[in-house]
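Here are a few exercises to work through with the model open beside you. Try each task before reading its solution.

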Amino acid sequence: MAEIVTFRDEGLGNSSYLVDLGDGRGLVLDPSRDPAPYLAAARRRGLRLAWSVETHLHADFVSGSRELTAMGATVVAPAAARLRFPHRGLGDGEELDLGGLSLRALATPGHTPEHLAWLLVDGARPLGLFSGGSLLVGAVARTDLIGPDRTEELARALWRSLHERILTLPDDLTVYPTHGAGSFCSAPTGAEPTTTIGREKATNPLLAAGEDAFVKLLVGGLGSYPRYFLRLRETNRRGPRVHGAEPPVLAPLAPQEVRRLVAEGAELVDVRPIAAFAAGHVPGALSVPLRNAFATWLGWLVPDDRPLVLVVDPDQDRSDLVRQARKVGYERLTGELAGGMAAWQAAGLPQARIPLAGVAERPAGTVLDVRQDAEFAAGHLPGARHLELGALAGTFELPAGPLAVMCGHGERAMTAASLLQRAGHRDLTVLLGGPGDWSRATRRPLEPS
């Protein structure tokens, strides 16, 4: 049986897969932009990466298929995706001959119109289903990424795809989804990366529903999603720029050069931990701490057509920073503040600050909770105002006076506070900790919505 290796992107909540075909060749399913993990895994196994296979046009990450073609792989994708770079397009029922094994295309529209699931077979025996964004672990993928006018149509198409194409497969068949826990393409938190057809029949609440009930449950549970989702489908259709496996070194920029670039329209993103940002930062900088979720919030809040200038601590991983920025489509990484904030201070340039407080202290004023709607509804501080962090990139109204900004830990709250400070709010505090921490410290219950 073919060995299948899983690669997890914890930040975006996605999985990609390497299939060892048993003849010295490998096949990659739904690769992320950075080819390095696949190349390393292939070297360890003595494999040549021959195929890079896509289930659909991804909205949440830049595909790595073009990177792999530059290294000799052939791209296989839904013909209906109409990719604008060399590839082999397949449609429903067509097979890719892998030399003993085959990969069979199953048209499964819903998450996207062109979506294919791929059934790995050995003769007549199915070995695994790469379900992409159709059947997930305990969930299904969202259907509102094409446009609001097609959300219900695609939800109904997804119900038919599931019941007519996927749930008819053997119960013991392993399912390898692309989207998983933490993905804004819709998946429950804490889900396992893989599942089986039988397990989903028994436990997935959406699969027990008839078509109308399925549509109501699915569409009614859709939350917001990052703004960059609106542009990456076309990036992936067109074919992203090829960079290779080695991320570049960020160019060092003197403080006065940073000032000039920002004045000319560059976006200044401070990726340091929130305590460092709170103690002193360049006025107008956006705080997006470097962590697994960095790419999501960068993509949600920062236009991709502006040059990025970065403020980084000496011990932070610049390669990880570049990889995360690139996987959501940021190409214009101009450089970093040379010497960090110490150099800015030494140049005698102004700094801004945002104080921190423990969540149990709850300073005077309005508490602003910037978590997602579903998080807020599950429980929040009594009297707290709510506005999702992503909404702060647009037009919003907030009460005058002091604001204590909170999320689940503090990172999103600091990002929100930096946006509010940029917009002119001055009396800001970031609360460290989340509603659960407040409830345990005060022994008071949270309010549900």
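**Exercise 1.** In this predicted model, work out the order of the strands in the open sheet and find its edges.

*Solution.* Start with the strand order: 6 strands form an open sheet, arranged S1-S2-S3-S4-S5-S6, with mixed pairing. Next, look for strands that pair on one side only; these edge strands are S1 and S6 (88-90). Finally, check the twist: neighbouring strands are turned by 25 degrees against each other on average, with direction ignored.

**Exercise 2.** Do S2 and S3 run parallel or antiparallel, and how many bridges join them?

*Solution.* Strands of a sheet pair through backbone hydrogen bonds, and the pairing can be parallel or antiparallel. Here, S2 and S3 (residues 25-29) are antiparallel, joined by 4 bridges. To place one position, find Tyr-17, which stands opposite Leu-29 in S3.

**Exercise 3.** Which strands does H1 lie across?

*Solution.* Follow H1 over the sheet: the helix lies across S1, S2, S3 and S4 (48-53). Then compare directions, and you will find H1 running at about 150 degrees to S1.

**Exercise 4.** Describe the second largest pocket and its lining.

*Solution.* Begin with the volume, about 430 Å³. The lining has 23 residues, and the closest to the pocket centre are Arg-8, Asp-9, Ser-32, Pro-37 and Lys-327. Now assign the lining to elements: S1 (3-9), S2 (14-20), H1 (36-45) and H10 (318-327) each give two or more residues. H10 supplies the largest share, 4 residues. Last, sort the lining by residue type: 6 are nonpolar, 7 polar and 10 charged.

Conventions:
Residues numbered from 1 in each chain as written. Predicted model: local features only at pLDDT ≥ 70, side-chain atom pairs only at ≥ 80, totals over all residues. Heavy atoms only, no water. 1 Å grid on protein atoms, 1.4 Å probe; cavity = no way out; pocket = protein on both sides within 12 Å on 5 of 7 lines; lining within 4 Å. Points joined across faces, edges and corners; volume = space filled by probe spheres on them. Nonpolar A, V, L, I, M, F, W, Y, C, P; charged D, E, K, R; others polar. Pairing = 2+ DSSP bridges. Axes fitted to C-alpha atoms, helices over the stretch in contact; angles between N-to-C directions. Contact = heavy atoms within 4.5 Å.
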